[in-house]
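Reader: I am new to this structure and would like a close look at one part of it. Please take me through how some of its helices pack.

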Amino acid sequence: MVDKGAKGMLQAMEEAGDASVSPGAGRGVNEWRRHTHSTPSVHPKMAAAQGPVDPSSPEQMSWRMISQPLHTGVEGTSHSLHPAESGEAWAQGEAIPTRDITHEAYEDESENGFMPDEDHSLQRGNWGNQIEFVLTSVGYAVGLGNVWRFPYLCYRNGGGAFLVPYFVMLIFCGIPIFFMELSFGQFASQGCLGVWRISPMFKGVGYGMMVVSTYIGIYYNVVVCIAFYYFFSSLTSVLPWTYCDNPWNTPNCVSILENPNITKSTQPSAMLGNVSQALNQTLQRTSPSEEYWSFCVLNLSDDVGNFGEVQVHLLSCLLVSWVVVFFCLMQGIRSSGKVVYFTATFPYVVLTILFFRGVTLEGASTGIKYYLTPQWDKILEAKVWGDAASQIFYSLGCAWGGLITMASYNRFHNNCYRDSVVISVTNCVTSVYAGFVIFSVLGSMANHLGEDVSQVAEHGPGLAFVAYPEALTLLPIAPLWSLLFFFMLILMGLGTQFCLLETLVTAIVDEVGNQWILQQKIYVTFGVAVAGFLLGIPLTSQAGIYWLLLMDNYAASYSLVIISCIMCVSIMYIYGHQNYSEDVQMMLGFPPPCFFQICWRFISPTIIFLILIFLVIQYQPITYNQYRYPSWAEAIGFLMALSSVICIPFYALFHFRRTDGDTLLQRLKNSTKPSRDWGPALLKHRTGRYAPTIPPSPEDGLEFQPLHLDKAQIPMVGSNDSSRLQDSQM
């Protein structure tokens, strides 16, 4: 009976040799063989009943085919059967360690008897330690918006009173969504595309995340390149935006160092001329930093459609930015995980230095009071709550795909619940801390000019490249503080840019999923970096700042909210909150707290939907200074926003047409069910409903079945709407 069963199984597996095996399952088999080296490769009851078995016998070859990786030609699977190194060892059930030919870094260790950590994925790799993941995620979340957007929102929306809705939104929306995305990527060990095996019909959400990350990655590195240019310009004894004696200055320029008693409300008589009125309709002075920004750095054109010439100095800095990003990511997380030890921590050193320097300035207390003095009446305004929710949502980087990607390189049992709380709180505390740094210096400048802080406060590029640089000129050794400030901006921008690029590269590699692209990942990284550089060239033209702000206002606003809302609904209501809670419990050892489950199902989606309504109600045509964008430019902006969202219905229709079913309802149900390879990547973690069918011993009196991970116990809908198991009977 043994011989007949084994031969039948061998024949069936030979006939199914060309059948597709799921990438996740294949990877699990490969990893299972590598890590469970103490498990006998011969079924123990067969060995006991038969005694020593010849390695070439059908029985032994059958079990070797099950226990060894099969030739599948998909990600994570080997391309040949490993021969036994000792026939006697195989017959006695001893383990023979195998080698992974695609990961040469582990070959020597395997030959010397060293086996990697059981949770380590040799195919995709893992973080060297958990600190690397936390620092990378902090660098991703803590970006330029923490410095140039939050302080402005805080003082505009009630000062200290704004912190109340800000932290309420953090608790009820920010941390829950952050935790959902981290657990989503960590459980499946896949990027923003691969995770949608959970419900293949919604894979368009992953494509939408890729489109958003592409837009942000293009213009974000342009901002970094401008910071590089300011950094290089600060390598001088006198900052070039200190005085008005430069070739790019106009008669309207008034330096606060040359005319210490001049304020914006008291203008020199020269500004009353016709030229002055044409250039400055408000009859306000033009600072050297503002003219340096507009006429030297940008060489700004008069219209969004007038691209003019590419600014060579910005193009050179853009090349430097992309070269730095590429070399930091050329070996994936193995290289970027080491770089973040510096890029994610040194900004806090610079913030602390600038903080202590700022609070010691005359008038700093005025700026800090303006920043934090609560205006409790504003807490009742809907706009304040809308701004708080929007800032939390965007500053954490939700729906960009980066959180899912970074978490996919975690070990399966990592406590991502703890990480989500730590990283989210760190991001928000950094925003508040940066506000002290900004407003202490702006308060000093307002005191010097004799003006109110509101007259010198800016946000966005105006704060980072105009207002704050001008304030730095008042400090002793101004170039030193300028170097520190722009170096901090560079590191903050690079931390976010690393994750944006890795998100795109990981999605491409996971989607193709074969051995070749895993081995040639560096070329994928290089290709994405080159494409990002080429697409960023128009943003270095004379109209570049117009297009940069257009992309920032449209490509990464409405679409992010819609994508995030659909992600919550698809996981909680299509896949099922109970199923997802069980997945998290399998991974962490405890279920998600009830508070998070309630937020995932009700509170967070509601807040996200309200954010969308708020954005629509509060919509205003985009402007830059006194320039208002034409209607055709706004139309392009809406098309950019639509380009990421449209991926969701288009892919849903595409997948629906390819799904089998006797009726439309059956096809709809089948298209939203998890695919065969959804679940943990490593076989050792596939327990419970993810456990594959294990072939029993012939002496158990059961039918002998081979291992087919891609067809294991997946419920499908039959013609009578009843659930059935899609198994392969060999």
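Author: In this predicted model, helix H10 and helix H18 cross in a right-handed sense. H10 covers residues 163-188 and H18 covers residues 382-395. Their axes lie 9 Å apart, and the packing angle is about 50°. An angle that is neither under 35 degrees, nor over 145, nor from 65 to 115 counts as oblique, and H10 and H18 are therefore oblique to each other. On the H10 side, the residues that meet H18 are Pro165, Tyr166, Val168, Met169, Leu170 and Gly174. H18 brings Val384, Trp385, Ala388, Ala389, Gln391, Ile392 and Ser395 to this contact. By kind, the residues of the contact of H10 with H18 are 10 nonpolar, 3 polar and no charged.

A second pair is formed by helix H11, residues 203-233, and helix H27, residues 558-588. The axes of H11 and H27 come within 10 Å and cross at roughly 155°. Angles over 145 degrees count as roughly antiparallel, so that is the description of H11 and H27. The crossing of H11 and H27 is left-handed. Val205, Gly208, Met209 and Val212 of H11 make the contact with Ser559, Leu560, Ile563, Ile566 and Met567 of H27. Here the division is 7 nonpolar, 2 polar and no charged.

H11 also holds Asn221. Asn221 has a relative accessible area of 0% and counts as buried, because the cut-off is under 20%. Apart from neighbours within four places in sequence, Asn221 is in contact with Leu318, Ser321, Trp322, Val325 and Gln497.

Methods: Residues are numbered from 1 along each chain as its sequence is written. This is a predicted model: local features need pLDDT of at least 70, side-chain atom pairs count only at pLDDT 80 or more; totals for chains, interfaces and linings use all residues. Side-chain values use heavy atoms; hydrogens and water are left out. Axes are lines fitted to C-alpha atoms, for helices over the stretch in contact, and angles run from 0 to 180 degrees between N-to-C directions. Helices (H or I, at least four residues) and strands (E, at least two) are DSSP runs, numbered from the N terminus. A crossing is left-handed if the near helix is turned anticlockwise from the far one by less than a right angle, and right-handed if clockwise. Contact means heavy atoms within 4.5 Å. Ala, Val, Leu, Ile, Met, Phe, Trp, Tyr, Cys and Pro count as nonpolar, Asp, Glu, Lys and Arg as charged, and the others, Gly among them, as polar. Buried means under 20% relative accessible area, exposed over 50%, partly exposed in between (1.4 Å probe, protein chains only).
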